[in-house]
Amino acid sequence: DLSFTKAGTYTLKAQSLELASETSSAFEIGVALPDHLSFVSAPPSEVVAGEIWPALEVQLVDAYENRVPGYFESSVMLLEQTSGSADLEGTLQIVAEAGVSRFGDLVYEKAEDISFDVRCVCTGHEPIEVRALENVRMRVVPNRARHFLITAASTRPVAGEPVDIQVTVLDAYGNTATGYTGLVRFRTTDL
């Protein structure tokens with residue numbers, strides 16, 4: 001028995017030392033039934049807060065990683081955030097075209113680790129359980145430094161006594177800009 005795991009067009013060649021070789025006509029190996037979702041290419045492990053992520057492309061594949069383009073009448077990929085303290089923004093439901101959904105406008109503004117699942121809602125054919133992409137992790141890092149936050153330890157400092165001041169460098173979304181290495185100078189004004 002001969003079996004193929006990669007869908008595509010093939011020919012077979014038979015040869016022997018005693019006989020002339022012979023090549024078969026071309027034949028097609030089709031895709032198997034839909035099995036699970038996979039990324040077309042690996043998603044980034046890190047994105048920048050407040051910036052649009054590189055597009056995430058998710059495909060419906062068989063057990064051998066062959067893309068399954070037309071098995072269902074309708075395939076909708078749903079991206080569901082499972083952790084994080086802010087909301088993932090962008091289009092979170094995409095109709096698959098030829099077995100692929102492209103999430104191209106995702107943004108997250110809080111610098112922290114988040115995770116999400118991608119599920120497929122597939123209709124129009126016999127029911128098949130399509131395994132989801134689960135617990136996909138992404139690190140969101142702070143954006144560029146945008147402004148300072150100055151806080152004093154005491155709201156009513158007394159003349160002649162030291163005052164503890166804390167300066168935090170923030171990005172435009174309120175995240176601590178941990179990569180900032182610039183010089184900070186202080187100046188006081190009398191009111």
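## A first tour of the model

The structure holds one disulfide. Keep in mind as you look around that this is a predicted model.

**The disulfide**

The two cysteines in question are Cys120 and Cys122, whose sulfur atoms lie 2.4 Å apart. The link between Cys120 and Cys122 is right-handed, with 105° about the S-S bond. How is each partner placed with respect to the surface? Cys120 has a relative accessibility of 16%, so it counts as buried, since the limit for that class is under 20%. Cys122, at 23%, is partly exposed.

**Salt bridges**

How many salt bridges does a search of the whole structure find? The search gives seven. Three of them are set out here, with the separation of the N and O atoms.

| Salt bridge | N to O separation |
|---|---|
| Arg139 and Asp113 | 2.8 Å |
| Asp117 and Arg119 | 3.1 Å |
| Arg119 and Glu134 | 3.4 Å |

Let us begin with the top row, where Arg139 forms a salt bridge with Asp113. This pair links distant parts of the chain: Arg139 belongs to strand 12 (residues 133–141) and Asp113 to strand 11 (residues 113–123), with their positions 26 residues apart. Both ends of the bridge can be described in terms of accessibility. Arg139 is partly exposed at 44%, and Asp113 is partly exposed as well, with a relative accessible area of 45%.

Next comes Arg119, which appears in two rows of the table. Its side chain meets that of Asp117 in one salt bridge, and Arg119 forms another with Glu134. The bridge from Arg119 to Glu134 again links distant parts of the chain, with Arg119 in strand 11 and Glu134 in strand 12, 15 residues apart. Salt bridges with shared partners join Glu80, Asp117, Arg119 and Glu134 into one network.

Is each of these residues buried or exposed? Asp117 is buried, at 9% relative accessibility. Arg119 is partly exposed, at 29%. Glu134 reaches 53%, and it therefore counts as exposed, the limit being over 50%.

**A residue in strand 12 with positive phi**

Strand 12 has another detail to look for. Asn135 is in this strand, and its phi is near 55°, a positive value in a residue other than glycine. Asn135 is partly exposed, with a relative accessible area of 41%.

Ala98 is a further residue of this kind: its phi is positive, about 55°, although Ala98 is not a glycine. You will find Ala98 in the loop between strand 9 (93–95) and strand 10 (100–103).

**Gln59, a buried polar residue**

Now turn to Gln59, which sits in strand 7 (residues 56–61). Gln59 is buried, with a relative accessibility of 10%. What does its side chain meet in a polar contact? The partner is the side chain of Arg67, at 2.9 Å. Setting aside neighbours within four places in sequence, Gln59 is in contact with several residues, among them His36, Leu37, Ser38, Phe39 and Val40. Arg67, Met77, Gly99 and Val100 are also included in its contacts.

**Arg144, an exposed loop residue**

Where does Arg144 lie? Look in the loop between strand 12 and strand 13. Arg144 counts as exposed, at 62% relative accessibility. A polar contact of 3.2 Å joins its side chain to that of Asn143. Not counting residues up to four places away in sequence, Arg144 touches Glu51, Leu170, Asp171 and Ala172. Val48 is 96 residues from Arg144 along the chain, and the C-alpha atoms of the two are separated by 9.0 Å.

**A nonpolar patch on the surface**

The last stop is a nonpolar surface patch of about 640 Å². Which residues make this patch? They are Phe148, Ile150, Val163, Ile165, Tyr180, Val184 and Phe186. One of these, Ile150, has its place in strand 13 (residues 147–152). Ile150 counts as exposed, at 55% relative accessibility.

Conventions: Residues are numbered from 1 along each chain as its sequence is written. This is a predicted model: local features need pLDDT of at least 70, side-chain atom pairs count only at pLDDT 80 or more; totals for chains, interfaces and linings use all residues. Side-chain values use heavy atoms; hydrogens and water are left out. A salt bridge is a side-chain nitrogen of Lys or Arg within 4 Å of a carboxyl oxygen of Asp or Glu. Helices (H or I, at least four residues) and strands (E, at least two) are DSSP runs, numbered from the N terminus. Buried means under 20% relative accessible area, exposed over 50%, partly exposed in between (1.4 Å probe, protein chains only). Patches are made of residues with over 30% relative accessible area and no salt bridge: like charges are joined within 9 Å, nonpolar side chains (Val, Leu, Ile, Met, Phe, Trp, Tyr) within 5 Å. Accessible areas come from the Shrake-Rupley method with a 1.4 Å probe; for residues, only the protein chains shown count as cover. A disulfide is a pair of cysteine sulfur atoms within 2.5 Å. A polar contact is a pair of N or O atoms within 3.5 Å; within protein, one must be able to donate a hydrogen and the other to accept it, and residues adjacent in sequence count only if both atoms are side-chain atoms. Contact means heavy atoms within 4.5 Å.
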